[in-house]
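Welcome, and please open your viewer so that we can walk through this structure together. At each stop you will hear what to select and what to look for.

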Amino acid sequence: MTFVPITDAEIDVDSPVTQVLMTKYRDNINAIGLRGTATPKILGVPYDRQVFTASGTWTKPSNAETGDTVIVWGIGGGGAGAKVAANNEASGGNGGAGFLWRITDIDTIAATETIVIGAGAAGRTTQGNGSDGGDTSFATSGQDGYCRFTGGNGGPNNGDAPSTPEIVSYSTLLSANVTTFWQEGRGASSGTGNQVAGSSNLGGGGGGHSASTLGGFSSNAGHGGAGSSLSNGGSGAFPGGGGGGSKDGNSGAGGAGYMVVYSIKEG
C-alpha cells in the first residue's frame, strides 16, 4: 500500500472535513501499519523482512534508499550428540552460533545476495563422535556484507566437552559491527564445570550429556536436546539446537540453521 498525498489546502483551518480527506487519512494510517512505501518515512522500523529456512537469495527491496541499515540474524546448524556403548560417556553437541550482524548502508551490498542455511547434523546410529552442524552465511566470502554463522561442534564420545565455539567470520571491507561475536550453547560433558549443557541468547542451546542431563536453553533460538543413558538422545530444536548424547541408543540430531534479514529506514 502506498501513501496518499494530503494537500495543505485540505488541512487548512477553514477547510471542511470531507469524505475524500478522511479516506486519505485512513489509507495513510493503514499504509503505516503495513510498512507502506513512499513518504512519510518510518525511521528505525523494518520495512522489509525476508526469512530463510533453506538456502536461497536475498533481494534488495525496491524502495531501499542510501543510508538504510540491514540487520542479519543468522544461526548455524546444531551439532549432533555422540553415541557410545554401556560404561562409556557421550557428550552433547554445541548449538549453532547465532548473532546480529549490522550492515550500516544498504548501498554497499549487491542487489541480490546468496544465503546459505547450514544443515543440522544427523544423529549417530553407530558409536562415535557427533558430527558438526553446517555453517549459515550471508553474501559471498571476501565481499562487502559477508558474514558466516558457524555450525555447532559435534559431541565427543569420551565424555569431554565439544570444542570451543569458533569466532565468527565476517567481511573487513565494510564498516559494520557485530552485536555478539558468537552465541552458541556448549554441549554438556562429564568434565568439572560443564556437566550442564550451555545456554544461549541468539544461538542454539547445547545438547545434554548421556547421564540424562537436560539440553541447554536458548532465549531466541532452539533449545538443546536432552541426553540419555538408556535410550535415544533428544534432537536439538529448530533453529540451531545441539543434539543430546546417548548411551545404548542413537544420539540426537542438531537443529537446522536459520536467517532473518531486516531492512530499516535510518534517515
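Start by selecting Gly130, which sits in the loop between β6 (112-116) and β7 (136-138). Strands here are DSSP runs of E with at least two residues, helices are runs of H or I with at least four, and both are numbered from the N terminus. This is a predicted model, in which local features need pLDDT of at least 70 and side-chain atom pairs count only at pLDDT 80 or more, while totals for chains, interfaces and linings use all residues. Residues are numbered from 1 along each chain as its sequence is written, and side-chain values use heavy atoms, with hydrogens and water left out.

Is Gly130 buried or exposed? Gly130 is buried, at a relative accessible area of 10%; buried means under 20%, exposed over 50% and partly exposed in between, using a 1.4 Å probe and protein chains only. Now add Gly154 to your selection: 24 residues separate Gly130 and Gly154 in sequence, yet their C-alpha atoms are 4.2 Å apart. Beyond the neighbours within four places in sequence, Gly130 is in contact (heavy atoms within 4.5 Å) with Ala80, Gly81, Ala82, Arg124, Gly154 and Gly155.

Next come some backbone details. Select Ala139, in the loop between β7 and β8 (147-149). Its phi is near 70 degrees, a positive value in a residue other than glycine, and Ala139 is buried, with 6% relative accessible area. Then jump to Asp248, in the loop between β11 (246-247) and β12 (258-264). Asp248 also has a positive phi, of about 70 degrees, although it is not a glycine, but Asp248 is partly exposed at 46% relative accessibility. Finally, look at Pro239, in the loop between β10 (176-178) and β11: the peptide bond leading to Pro239 from Phe238 is cis, with omega near -5 degrees.

Now select strand β3, residues 69-75, where seven of seven residues are buried. In a regular strand the side chains alternate between the two faces of the sheet. In β3, Thr69, Ile71, Trp73 and Ile75 point one way, Val70, Val72 and Gly74 point the other way, and all are buried.

Which strands pair with β3? One is β12, antiparallel to β3 over seven bridges; strands count as paired if DSSP finds at least two bridges between them. Select Trp73 and Val260 to see bridge partners from β3 and β12. Another is β5 (residues 98-103), joined to β3 by six bridges and also antiparallel. There, Val70 has Ile103 as its bridge partner.

For the last stops, turn to charged side chains. Side chains of opposite charge can pair when their charged atoms come close. The structure holds four salt bridges, each a side-chain nitrogen of Lys or Arg within 4 Å of a carboxyl oxygen of Asp or Glu.

Select Lys24 and Glu10, whose salt bridge spans 3.2 Å from N to O. Lys24 is in helix α1 (residues 19-33) and Glu10 in the segment before α1, so this pair ties together parts 14 residues apart in sequence.

Next, show Lys265 with Glu65, a salt bridge of 3.4 Å, N to O. Lys265 lies in the segment after β12 and Glu65 in the loop between β2 (56-59) and β3, 200 residues apart. Add Asp68, which forms a salt bridge with Lys265 at 3.3 Å between the closest N and O atoms. Glu65, Asp68 and Lys265 are thus linked in a network of salt bridges. Within this network, Asp68 is buried at 0% relative accessible area, Lys265 is buried at 8%, and Glu65 is partly exposed at 30%.
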